[in-house]
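Let's take a walk through this structure together. Keep the sequence and the 3D view open side by side as you read.

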Amino acid sequence: KPAFVVGSKSYTAVAINAAAKAGEWIKSRVGIYKQLDTKTSPQDLVTEVDKGAEVMIRKLIQTHFPDHDFLGEESVEPGAEASAKAVAGYADSEYLWIVDPIDGTTNFVHGNPYFCVSIALAVKGELMLGVIYDPMHDEMFVAEKGKGAYVHGNPMAVSKEAALSDSLMAVGYNPDRNFALPLNMKGITALATQTRSLRTMGSAALQLAYVAAGRLTGYYEVGLNAWDIAAGVLLVTESGGKVTDTQGGAFSLQTRHLAATNGLIHQELLQSLEASGATGL
Ligand code: IPD
Ligand code: CA
Ligand code: CA
Ligand code: CA
C-alpha cells in the first residue's frame, strides 16, 4: 500500500488518495490490459485502463467536490489543440481539476515501468495543487502553491548545475509526427552535443517530477497538453525551478511548448532552442 493514502477531505488528501488508488489499479493491469486502440495516429495509444482510471479518479474527486469542473485527457476529443480548447472553455471555472489518468501510456503498454497518474487543481486559472504518483516505484510527488513540494513527505529541491554543458536534460518524442516531432528533433539534435547527456523517459509528468526532485536539470518538449504538465509545473516551481514556454513566456494552462529547468540553465536552454529553431513558437 502506498504510504500516502489518507482519509481527510482536504483537496490534497482527496487528490493523493485518487492518485494512489488509480495508480495501484493501473500497476495491477501491466501486461494484462485487454483493449489497445489508437487515437490521432498509430503511435497515439489508449487502453481500457487509461479510460477506467480516469473514471475512477473522476468519481473519487466528484464524491467530495461535486460542483468542481473536471478536465481529463480521455474525456475530450483528441487532437493537437485538445487541451488548449478545453481550457479556454473553462475560463470561468472556479475549481478545475486537470487529470492525466496514465501519463506514459506507451510505456504502460510495453511494460516499461515509467508512467504515472497526474492530478492538478487550478483555482480561477491558477495552479494550486499538483500530485503525481508513479505506481511502479511507489513515489508520490505532491506540491501545494506556496508550501513547497515533497516526494513521499520529503522536501524536494531542483539541482544545482549552472551550465547546459553540466546538465542532464530530458526531452520527449511526441506522437504528433507532423508538427511536434520535427521540432523536438531539432532541439534534441542541438542539446545532444550541448548537454552532459539527454534522457527521454516517455512521461512528461514524470520528467517534470524528476526536475523538481533534482534528478534531471531540465526538460523541454513541444506539443504537450495541460493534463501532461499541470501538476508537474507546480512541482517544479515549488521546488525552486523555473517553467516558461519555449520562448520564455509565462506559463499558462494553454501552454503547449514547455521549458522547465532548475532556473540556473533556463536562459541558456531558451537560447539553444531559439538558435536551433526548436521552439514551435
Ligand atoms: C504523452 C507522454 C509523452 C509525451 C507525449 C504525451 P500520454 O502522454 O507525456 O512523454 O512525449 O507528448 O502525449 O499520451 O502517455 O498520456
Ligand atoms: Ca494519450
Ligand atoms: Ca499525457
Ligand atoms: Ca494519458
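What follows goes from the domains to the sheet, then to a helix, a strand and the core.

Bear in mind that you're looking at a predicted model. The chain splits into domain 1 (11–155) and domain 2 (164–275). Taken over C-alpha atoms, their centres sit 19 Å apart. The contact between them draws 39 residues from domain 1 and 28 residues from domain 2. On the domain 1 side, the elements giving two or more residues are β3, α3, β4 (95–103), α4 (105–110), β5, β6, β7 (139–144) and β8. If you sort the residues on that side of domain 1 by character, you get 21 nonpolar, twelve polar and six charged.

Several of those strands turn up again in a sheet. Seven strands make an open sheet, running in the order β3-β4-β5-β6-β7-β8-β9, with mixed pairing. Which strands are at its edges? They're β3 and β9, each of which pairs on one side only. At the β9 end, β8 and β9 pair in the antiparallel sense over two bridges, and Val151 has Asn154 in β9 as its bridge partner.

Now have a look at the loop joining those two strands. His152 lies between β8 (148–151) and β9 (154–155), and its phi is positive, about 45°, although it isn't a glycine. Is His152 buried or exposed? It's exposed, because there are 12 other C-beta atoms within 10 Å, and a residue with 12 or fewer falls in that class. Lys124 makes a good companion: it sits in the loop between β5 (116–123) and β6 (126–134), and its phi, near 50°, is also a positive value in a residue other than glycine. Lys124 counts as exposed too, because it has 11 C-beta neighbours inside 10 Å.

Next, helix α3. Along residues 82–89, Ser83, Ala86 and Val87 are buried. Why do they end up on the same side of α3? Because they cover an arc of only 100° around the axis. Ala88 and Gly89, on the other side of α3, are exposed. As for what the buried residues pack against, that's β3 (69–72) and α7 (226–238).

Over to strand β12, residues 218–221, which is covered on both faces. Gly218 and Tyr220 are buried on one side, and Tyr219 and Glu221 are buried on the other. That fits a general pattern: in a regular strand the side chains alternate between the two faces of the sheet. β12 also has strand partners. With β10 (residues 168–171) it pairs in the parallel sense over three bridges, and there Tyr219 is the bridge partner of Ala170. With β14 (residues 258–261) the pairing is antiparallel, over four bridges, and Glu221 stands opposite Leu258.

Finally, the core. The largest nonpolar core has 86 residues, and those with the most contacts inside it are Ala19, Ile119, Leu208, Ala212, Ala230 and Leu235. Both domains feed into this core, with at least three residues coming from each of domain 1 and domain 2. As a rule, nonpolar side chains in soluble globular proteins tend to be buried together. What is Leu208 in contact with, leaving aside its neighbours within four places in sequence? Its contacts are Tyr219, Ile229, Gly232, Val233, Leu235, Val236 and Ala260. Tyr219 is a residue you've already met, as one of the buried residues of β12.

Methods. Residues numbered from 1 in each chain as written. Chains lettered and ligands numbered in written order. Predicted model: local features only at pLDDT ≥ 70, side-chain atom pairs only at ≥ 80, totals over all residues. Buried ≥ 20, exposed ≤ 12 C-beta atoms within 10 Å, placed from the backbone. Arc of directions from axis to C-beta. Contact = placed C-beta atoms within 7 Å. Pairing = 2+ DSSP bridges. Core = buried A, V, L, I, M, F, W, Y, C linked by C-beta atoms within 7 Å. Domains from an automatic or database assignment. Nonpolar A, V, L, I, M, F, W, Y, C, P; charged D, E, K, R; others polar.
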